[in-house]
Amino acid sequence: MSQQHDFAASLRWWRQRKGHSQLELAGRADISQRHLSFLELGRAAPSRDMVIRLAAALDVPLRQQNALLVAAGFAPVWRQTDLAAPELAQIRHALDFILAQQEPFPAVVVDRHWNLLLANAGAARLVEFLVGPVAPGTPVNLADALVAPDVLRPYLTNWTEVAGYFVRSVEADAAADGTTATAELLKRLLAYDGVEAALAAPPAGPASGPVLPMLFRKGDVGLQLFTTIATLGTPQDVTLQELRIESFFPMDEATGQLFRNWSKASGAKAAQS
């Protein structure tokens, strides 16, 4: 009965979080509203297939689908595999290919909470130019690097707009996944100096351009970049569903040429050594 209650409360929480009425969710899951009501009240126990069906209808992430299964008394069905595991070798090969194709421009692979997992040489050259080289194996969280006052912020001339947009996206993540880890990340970002003011500032409107740029400046060098974020299609592993591939593109020819020059210089240096 305790497990039924845990599942009932979790199901009701997810339905309300997604903004569905019982009737709407029942229709999406192809069950009766009466049966759904009994599940939410703990008066009926779901089968494993019913948990998965309701989770899919609510578009619950795989990690939280496992949590729903456990709350209902079942074992998790979705694996969470380390990206370095042999069974993900093909995925890593694909990620390496994507990163290589982005050269000489930066690209990175991060997890759900913006911990850096992979980066191409273009990303390493950008970071080295702005803040100096990072020792191999050093843990890097891109959310902290962007929002904290002492990493990228001194070089990001439109930090207020970029940080405000980014923290709002983390707020959306926290609302969507309902995990403690995402809530803690959001809390940490909100505690940084200047973030509350950045959120209070009016968001950049369409007059500023079709995308929000990231404008870096160090000394006499200015960089204008925009980013895209991609995910893996049809993932059936928690780790893979939570991966994000962020690619950076130049917004003007001067920025593009600078990255090409850095790449050539790096190649020449490697050939000499």
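This is a stop-by-stop tour of a predicted model, to be followed in a viewer.

**Stop 1: the five-stranded sheet**

Select strands S1 to S5. They form an open sheet in the order S2-S1-S5-S4-S3, with antiparallel pairing. S2 and S3 (214–218) are the edge strands, each pairing on one side only. Look along the sheet for its twist. On average, neighbouring strands are turned by 30 degrees against each other, direction ignored.

**Stop 2: strand S1 and its partners**

Now select S1, residues 107–110. Which way do its side chains point? Ala107 and Val109 go one way, while Val108 and Val110 go the other. All of these are buried. This fits a general pattern: in a regular strand the side chains alternate between the two faces of the sheet.

S1 pairs with S5 in the antiparallel sense over four bridges. Show alanine 107 and find serine 247 of S5 opposite. S1 also pairs with S2, again antiparallel, over three bridges. Here valine 108 stands opposite alanine 119 in S2.

Follow the chain around the hairpin of S1 and S2. Five residues lie between the strands. Stop at tryptophan 114, which has a positive phi near 70 degrees.

**Stop 3: S4, S5 and the helix across them**

Select S4, residues 221–230. S4 pairs with S5 through six bridges in the antiparallel sense. Phenylalanine 226 and phenylalanine 249, the latter in S5, stand opposite each other. Add helix H13, residues 253–272. H13 lies across S4 and S5 and runs at about 90 degrees to S4.

**Stop 4: helix H6**

Move to H6, residues 89–102. This helix has 14 residues. From first C-alpha to last, H6 reaches 20 Å, close to the 20 Å expected at 1.5 Å a residue.

Colour Leu95, Leu99 and Gln102, which are buried. Then look down the axis of H6. The buried residues fall within an arc of 60 degrees, so they line one face of the helix. What covers them? Strands S1 (107–110), S2 (116–119) and S5 (244–250) are among the covering elements. Turn to the other side of H6, where Gln90, His93, Phe97 and Gln101 are exposed.

**Stop 5: a cis proline and a buried arginine**

Go on to the loop between H6 and S1, which holds proline 104. Check the peptide bond from glutamate 103 to proline 104. That bond is cis, with omega near 5 degrees.

Next, select arginine 125 in helix H7, residues 121–131. Is arginine 125 buried or exposed? Its relative accessibility is 14%, so arginine 125 counts as buried, the cut-off being under 20%. Leaving aside neighbours within four places in sequence, arginine 125 contacts Glu103, Pro104, Trp262, Ser263 and Ser266. Both residues of the cis bond, glutamate 103 and proline 104, are thus on its contact list.

**Stop 6: the nonpolar cores**

Now the largest nonpolar core, with 34 residues. Val147, Phe166 and Leu189 touch the most other members. Which helix gives the most to this core? Helix H9, residues 159–177, does, with seven residues.

Centre on phenylalanine 166. Not counting residues up to four places away in sequence, phenylalanine 166 touches Trp114, Ala143, Leu146, Val147 and Leu189. Trp114 is the positive-phi residue from the S1 and S2 hairpin.

A second core, separate from this one, has 21 residues. Among its members are Trp14, Ile31, Ala55 and Leu58.

**Stop 7: two aspartates with positive phi**

Select aspartate 30, in the loop between helix H2 (22–29) and helix H3 (33–41). Phi is positive here, about 60 degrees, although aspartate 30 is not a glycine. At 66% relative accessibility, aspartate 30 counts as exposed.

Then jump to aspartate 59, in the loop between helix H4 (48–57) and helix H5 (62–71). Phi of aspartate 59 is also positive, near 55 degrees. With a relative accessible area of 57%, aspartate 59 is exposed.

**Stop 8: lysine 218**

Finish at lysine 218 in strand S3. Lysine 218 is partly exposed, at 31% relative accessibility. Beyond residues up to four places away in sequence, lysine 218 touches Phe129, Leu130 and Tyr155. Draw a C-alpha to C-alpha distance from lysine 218 to glutamine 241. They are 23 residues apart in sequence and 36 Å apart in space.

Methods: Residues are numbered from 1 along each chain as its sequence is written. This is a predicted model: local features need pLDDT of at least 70, side-chain atom pairs count only at pLDDT 80 or more; totals for chains, interfaces and linings use all residues. Side-chain values use heavy atoms; hydrogens and water are left out. A nonpolar core is a set of buried Ala, Val, Leu, Ile, Met, Phe, Trp, Tyr and Cys residues joined through side-chain atoms within 4.5 Å. Buried means under 20% relative accessible area, exposed over 50%, partly exposed in between (1.4 Å probe, protein chains only). Contact means heavy atoms within 4.5 Å. The expected span of a helix is 1.5 Å times one less than its number of residues. The arc is that of the directions from the helix axis to the C-beta atoms. Two strands pair if DSSP finds at least two bridges between them. Axes are lines fitted to C-alpha atoms, for helices over the stretch in contact, and angles run from 0 to 180 degrees between N-to-C directions.
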